[in-house]
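Here is a short tour to read with the structure open beside you. Take it topic by topic, and turn the view as you go.

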Amino acid sequence: MSDSQQRPGSANAPSIPLRSKRVTAPPFSPPPPPINQYSMVPSVIPGSAQRTDRSSSSPGRSLIPQQRQHSAESLLSTSTAHQAGQSTDASSMRSDRASSMASTAVADGSPSVPSSIRSTKSSSSSSLSNTGEPLVSAREHRGELGSLEDAFANLNGEEVKLTSKTVQHVDGSTDALQSGVLTITNYRLIFRAANPADSFDLPLSFISSIDKVSTTSNSQNSFRLRITCKDLRREVFVVTKNADQPSQKHFLDVLKAHAFPLSYKRQLFAFDYKGEYSSEGWSVYDAKTEYKRQGLPNDMWRIANVNQKYELCETYPSVLAVPLNASDELLFGVASFRSRGRLPVLSWIHPVSHATITRCSQPQVGLNGRRSKDDENYVKLIHDANPSYPRLCIMDARPLVNAAANKAKGGGYESEENYPSSDLVFLDIHNIHVMRESLRKVREMCTPRIEDPNHFYSNLEATHWLSHIKAILAGALKIVDKVETYKSSVLVHCSDGWDRTSQLTSLSMIMLDPFYRTIRGFQVLIEKEWVSFGHKFAHRIGHGEEKEATERSPVFLQFIDCVWQLTEQFETSFEFNERFLIAIIDNVHNCRFGTFLSNFEKEHGEKNLKVKTVSLWSYINSDLTEYRNPFYYQQPQDSTGVDNVLYPLTTHRYLKLWLRYYARYDPSVKYQEPIEERHKQLLYALQRLTELRDNLKKEAAARRDSNAKNNNNINTIPRSSSNHSRVTEPVHV
């Protein structure tokens, strides 16, 4: 069987028996319904019997008949109730006039939507890469900036550091020179061109490198500046000396000092930014509240406070969930045997089978085959905490060759002889250095525009990017299969337990638990599995550092990419949309918020980020309109409280390059219709229809109560003797 034909039962994914609760993407997705070319809304509203795709080509996209059926029935009942409501008095209908206007908007594609749901943020595709403020322009649809001398709207805490009027921008697609004014603030670089459509801005923390290139002519008076960014774009400027700007060195010094503030002994912009929002993002996640939602503590697991002062493990959170019978002394013994002291702790527990997902780092076995009785006994306690399955599965994210090579550095992996109740599986996910090189090839392929489209797929294959995405998703799917199908507990680790481990635990929890597919749940997941459990954001992203250290790697970007792949296969299962994911990954880079500035929880507290900076979730949660998925359908939970589990298809046939992120600055890569505005209209129409349905249900209930009361009054009247022979039960023919 070819790679494109392999299914979860192949060597690349676990064998999963067909089950009634299984949700899987189909081998073939039908074409989307026709869209009125003169309308901004689809001819089928969300939840109808037909499916509306968000793009013209979507192999492997989810088609969930049960979800569509429920949605269609709800809309049908709404339509029936609406028709019934037309026979009521005129005053009742006038009160629902606004609701009927929403239906009209869906029917005729009218763009008239109340201003309350219109976002003040730019709706263009590349504005996703920036701050979301009105002046943060898009490459395809940049906002009107007025004349070059007009002032721009500063953010709260933003200050102008330099302005140059003799700067030309080199268009990446045509190599044409565009004259304009370049302004450098302590947060961003703003280029205002003579043509407003060519104006744009760039958060300085996006910059990964600045290279000065001499021009071929008049090199004494001008030079080329090549700026390479973490979001894969590359900008080139020609800077010319004049009376207002006599020094090239001063220009470069100002730019580098604010693009790489930590290298120049300055603080990141997040500490200067004083934005105010209606939502408090720092309260989104609380460890004890999340463990309580999972049903902890229980008769097998307890909440431990042994790491309150970070003495057990410096890079772990202060609140941990450990086996009930594990003493604090045992925990310290286990931590001494695990790399960086990152001992196995609980991430997620199944609400029915009590199978668990635990995470840790590699054991320090070394070349001499060192053992630890504390560690072996502790792993046995994790195994005994799940009575549903007699074996514990240890998932090592690394290739076997890499894991064996780590023995020379004092690391290694568990031996099935020393852990007799365990099965060891290697997931073949490569290290951060391989991933960094793969992303570099993606940048070369997509920047400044996708070259040689006739060889797009062969060029994409040469990057190996989708192969890495496939390996991560397939590894997470194996964890899901063990936990859900076989009721087995799973212990996950890589080398240090903060890169590939976070990817695998997070993705498997998304597939297993529908809470993490909501906007709030996804924020909790990131705070828990990434921020709290010590993913090294500062080192992996390189916040404020000029030197490109070897620790930089797109680990978190790969996780977001994998989530996007899931949303493409299961588009009705996620409350958030693509814009939400892009907003998160962009704000990881731009250093405007304090959420992702540290490497672990202890460092987060030492920097006092909750007091000195603003949370990203404050910004996002203050206006969720543009981040909601209009096709989201929240299935009712069954009697056991377990919702459907996602089983994605992980072969290359169903994976795609995320062009709306990696190639979003290529003018040819954009939606051919205003898809985001259409989604807003659908959300508004759905909201109004839901309100109409609820009102009609209340009216129907009131009528039933009134009729029941009248019937009771009638039943109190004495019946004649002839009524005793009347048939009181329904007659079935």
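**Strand S2 and its partners**

His169 stands opposite Phe237 in S8. That pair belongs to a predicted model, in which strand S2 covers residues 160-170 and strand S8 covers residues 234-240. The points below start with these strands and then move on to the five-stranded sheet, the annotated cysteine, the nonpolar cores and a buried valine.

- S2 and S8 run antiparallel and are joined by four bridges.
- S2 also pairs with strand S3 (residues 177-185), again in antiparallel fashion, through eight bridges.
- Within that pairing, Leu162 sits opposite Ile184 in S3.
- S2 and S3 form a hairpin with six residues between the strands, and Asp175 there takes a positive phi near 65 degrees.
- Ile184 turns up again in a separate core, which is described further down.

**The five-stranded sheet**

- Five strands make an open sheet in the order S11-S12-S15-S13-S14, and their pairing is mixed.
- Strand S11 (345-349) and strand S14 (422-426) are at the edges; each has a single partner strand, so one side of each has no neighbour in the sheet.
- From one strand to the next, the twist averages 25 degrees.
- Strand S13 (residues 392-396) runs parallel to S14, and five bridges join the two.
- One position to look up in this pair is Ile394, whose bridge partner in S14 is Leu424.
- Helix H12 (residues 500-512) lies across S11, strand S12 (356-360) and strand S15 (489-493), and runs at about 165 degrees to S12.

**The annotated cysteine**

- An unreviewed UniProt entry carries the annotation "active site" for Cys494.
- Cys494 is found in the loop between S15 and H12.
- Is Cys494 buried or exposed? Its relative accessible area is 3%, so Cys494 is buried, given that buried means under 20%.
- Leaving out residues up to four places away in sequence, Cys494 touches Cys360, Ser361, Gln362, Asp396, Ala397, Arg398, Asp499, Arg500 and Thr501.
- Two of these contacts can be placed on the elements above: Cys360 falls within S12 (356-360), and Asp396 falls within S13 (residues 392-396).

**Nonpolar cores**

- The largest nonpolar core has 130 residues, and those touching the most other members are Leu507, Phe522, Ile526, Phe556, Phe559, Ile584 and Tyr662.
- Helix H11 (residues 465-485) supplies the largest share of this core, with 11 residues.
- Domain 1 (33-259) and domain 2 (281-672) both give residues to this core, so the core lies between them.
- Beyond its neighbours within four places in sequence, Ile584 is in contact with Phe522, Ile526, Phe556, Ile560, Phe596, Leu616, Trp617 and Ile620.
- A second, separate core has 25 residues, including Ile184, Phe191, Ile207 and Ile210.

**A buried valine in helix H13**

- Val524 is part of helix H13 (residues 519-532).
- With a relative accessibility of 4%, Val524 counts as buried.
- Which residues does Val524 touch, not counting those up to four places away in sequence? They are Val284, Tyr285, Glu290 and Phe515.
- Val524 and Ser283 are 241 residues apart along the chain, and their C-alpha atoms are separated by 10.0 Å.

How values were computed: Residues are numbered from 1 along each chain as its sequence is written. This is a predicted model: local features need pLDDT of at least 70, side-chain atom pairs count only at pLDDT 80 or more; totals for chains, interfaces and linings use all residues. Side-chain values use heavy atoms; hydrogens and water are left out. Two strands pair if DSSP finds at least two bridges between them. Axes are lines fitted to C-alpha atoms, for helices over the stretch in contact, and angles run from 0 to 180 degrees between N-to-C directions. Contact means heavy atoms within 4.5 Å. A nonpolar core is a set of buried Ala, Val, Leu, Ile, Met, Phe, Trp, Tyr and Cys residues joined through side-chain atoms within 4.5 Å. Buried means under 20% relative accessible area, exposed over 50%, partly exposed in between (1.4 Å probe, protein chains only). Domain bounds come from an automatic or database domain assignment. UniProt positions are given in the numbering used here, feature names are shortened, and annotations may be inferred rather than shown by experiment.
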